[in-house]
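Work through the exercises below with the sequence and the structure in view. Each task is followed by a solution in steps.

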Amino acid sequence: MTDWTLCIDFGTAYSKAAAAPADAWSRFEPSMVRPLMLSGHHHHGNPFLLDSAVFVDEGRVLFGRAAIARADALGDKKRMALKSFKTLLSVSDLDRALNTNAPLSIDPHRIFQMRDLIVLYLAFLLEAVEQACAADTLVAGATRMSRRYAAPAWRSGDSAGMHQVIVQLFGEAEAFRALVGKKLMSPDGLPLSTISSALPKALANARAMDIGLIFEATAAAAYTSVGLEDAGSHLIVVDMGAGTTDIAALARVGARTIELPEARVTMKQAGDFIDRIIANLVIENASWARSKDDQSELWNVLMRQMRDIKESVFADGRATLRHRGKNITLSMRDIERDADFKAFYKNLSEAFAHGLMVVRGDAVLRGQTEVQAIAVGGGAAAPFIQGLLKKKTTRATPRVVARPATPDWAHAREFQGNLAPVFPQLAISIGGALAPDDMLAARGGVSPVAAVRTDIEAAPD
Amino acid sequence: MPAAAKPKAKPPARGASKKGAARKRAAPAASLAGALAEAAWAEADLALAEALAYLDEAQGAGDQAAYADVLELVAQSLSRAARKRGLARLGKLGAREAYDANLHDLNGAGSRPPKTVRVEARGVARGGDVLVKTRVGRLGAPKRP
Ligand SMILES: Nc1ncnc2c1ncn2[C@@H]1O[C@H](COP(=O)(O)OP(=O)(O)OP(=O)(O)O)[C@@H](O)[C@H]1O
Ligand SMILES: [Mg+2]
């Protein structure tokens, strides 16, 4: 097998990527699903997650985990790493947003526009993908690699327009990567001098990128139903990531999977929002932390451990944190009583109910009796999301069946139990790699690997 | 677009990155299963180490309240380690379930297994594999400590 498909999930907090044989959809074999170790070059942290972050330092620009570490080490409130830039891609006037200057806290030199920083990050991401592919014994043998990226169906009706802009950004990033190559992965980042000589060239000579677009929800449908004889015809997906919570519905019509756009909702509250609620609650209750310094110290301690805190709260209903020899306990109930959370939850359940109405309506029209519901993303295990999926509906048909965030195949023996715990977060990239071409929202072609894998010295084609 | 750079002499602190270069992940993802396991174990190891440290603290705790506080942390760290390795709890403490010899270990003596039992200690599973069966008791039987 030498034809492979690669899917990049450029997330608000983390980018992920996975590869699968091009015929995986029709001849599914779990062991051939390859999540890629985008952070394999780091010695700590999850190697499958590439932090979506850029830090503009004195004389250089740092990427990913190194960017976050550097910003943390500086501990300067006026200097920040650029994060969550994916949300920028969702605005209606994308060109204008990209041409905005980066804020001073991000770029003290006042030399970068948002577009520059995004292109730089994408180049880093493409290089990480490249190296991860080369390091994977199976993927490294690919002779052809067709590529797609996953994105939410942000703008109703204009995903084609958005796709063009993003393909252009990827093309510029690829051109930049061709000029700079492996240096992108240096833990010390790239010197500004390198960037200022290479970036203008790259922007002026974007490479033609063959990269398709798959909606994130469609990717979720793909991994849920791959290899299943009894895959449902209708599916509602709730994806709670870091930056957004997205609801989307899909219907299978013959061999095709279509999205039901009326069901689609994107909320700007997700993991990051829950983080702030938790941190504020803890600080409010910590009567001993009244001074600004104590509070900001506690805030930092909380943020560093936030993922573990959330995981415990979601799984066990509570989390305990030891700080200055004292236990601080926070429960899911505390969160549920918070006014901001309540407002979010109300919106979320209304959006879910609406989406469910749309997808059940479509199921009825097509003579189907079942709708499947699934949660994906880092927040998939949240009890308030799982609760929505399992909520009783007033009318009995079509019935709603909650599917587990981790499909049965991810428990296959060959993964030795270690894929399942990380699966929900990698799910979109995996589903995107498994999905057949007719599930794409916009097409890209197939490029021979020679063109995909361009090293610095490669002759121009 | 960036103007010509004015690189200042100060390089960024490298922190852990030097060490990182020396102890890069051993073999490059020879097997995906190996890489997944390594990643899961790295996180689980940390949680286990925490649990051990808290355990010492619990054993030295001066009073009941301090003991309970630390025990909570031991439990939390152990649960986290287990989750990282894909282990999940089976059932809910105190819940009534239909007795199933494949899933349940019945506490106490008795000739015939009852139809319904109460969960006294949750079992542990990974995917479809039950590693430790759920400990259950007969309804109405005195709860075991
Ligand atoms: N085990 C876990 N339990 C709870 N929360 C988690 C867990 N793992 C990750 N998260 C949270 O999930 C979020 C990241 O999830 P994910 O990688 O799906 O987001 P993303 O794809 O980067 O964002 P988006 O989809 O919004 O663009 C973070 O808020 C993180 O803290
Ligand atoms: Mg996401």
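Helices (H or I, at least four residues) and strands (E, at least two) are DSSP runs, numbered from the N terminus. The model is predicted, so local features need pLDDT of at least 70 and side-chain atom pairs count only at pLDDT 80 or more, while totals for chains, interfaces and linings use all residues. Residues are numbered from 1 along each chain as its sequence is written, chains are lettered from A and ligands numbered from 1 in the order in which they are written, and side-chain values use heavy atoms, with hydrogens and water left out.

**Exercise 1. A pocket and its lining**

Task: State which helix of chain A gives the most to the lining of the second largest pocket.

Solution. Start with the term: on a 1 Å grid over the protein atoms alone, a pocket is an open set of points with protein on both sides within 12 Å along at least five of seven lines, a cavity is a set of points where a 1.4 Å probe fits but cannot get out, and lining residues have an atom within 4 Å of a point. Grid points are joined across faces, edges and corners, and a volume is the space filled by probe spheres set on the points.

Next, take the volume, which is about 340 Å³ for the second largest pocket. Its lining has 17 residues, and A:Ala353, A:Leu356, A:Met357, A:Arg360 and A:Thr393 are the closest to the centre. At least two lining residues come from each of helix 11 (339–365) and helix 12 (383–390) of chain A. Helix 11 of chain A gives the most, with eight residues.

Last, sort the lining by class (Ala, Val, Leu, Ile, Met, Phe, Trp, Tyr, Cys and Pro are nonpolar; Asp, Glu, Lys and Arg are charged; the others, Gly among them, are polar). Eight residues of this lining are nonpolar, five polar and four charged.

**Exercise 2. One residue of helix 11**

Task: Decide whether A:Asp362 is buried or exposed.

Solution. A:Asp362 belongs to helix 11 of chain A. Buried means under 20% relative accessible area, exposed over 50%, and partly exposed in between (1.4 Å probe, protein chains only). A:Asp362 has a relative accessible area of 11%, so this residue is buried. Contact means heavy atoms within 4.5 Å. Neighbours within four places in sequence aside, A:Asp362 is in contact with A:His234, A:Ala251 and A:Leu260.

**Exercise 3. Two cavities**

Task: Find which elements give two or more residues to the lining of the largest cavity.

Solution. The whole structure holds six cavities of 30 Å³ or more. The largest cavity contains about 140 Å³ of space. It is lined by 14 residues, with A:Ala221, A:Ser225, A:Gly232, A:Ser233 and A:Leu235 the closest to its centre. Two or more lining residues come from each of helix 6 (216–225), strand 11 (234–240) and strand 12 (245–253) of chain A. By class, six are nonpolar, seven polar and one charged.

Now turn to the second largest cavity, with a volume of about 120 Å³. Among its 15 lining residues, A:Pro152, A:Glu216, A:Ala217, A:Asp246 and A:Ala248 are the closest to the centre. Helix 6, strand 11 and strand 12 of chain A are the elements that give two or more residues here. Strand 12 of chain A has the largest share, three residues. The classes are nine nonpolar, one polar and five charged.

**Exercise 4. Salt bridges within and between chains**

Task: Say where the partners of the salt bridge between B:Lys84 and A:Asp308 lie.

Solution. A salt bridge is a side-chain nitrogen of Lys or Arg within 4 Å of a carboxyl oxygen of Asp or Glu. Over all chains, 31 salt bridges are found.

B:Lys84 and A:Asp308 form a salt bridge of 3.9 Å, N to O. B:Lys84 lies in helix 3 (residues 64–84) of chain B and A:Asp308 in helix 9 (residues 306–316) of chain A, so the pair joins two chains. B:Lys84 is buried at 8% relative accessible area, whereas A:Asp308 is partly exposed at 23%. Both residues belong to a network of salt bridges that includes A:Arg307, A:Glu311 and B:Arg80.

For a pair inside one chain, take A:Glu172 and A:Arg115, whose salt bridge is 2.9 Å, N to O. A:Glu172 is in helix 4 (residues 159–180) and A:Arg115 in helix 3 (residues 114–135) of chain A, 57 residues apart. Both A:Glu172 and A:Arg115 are buried.
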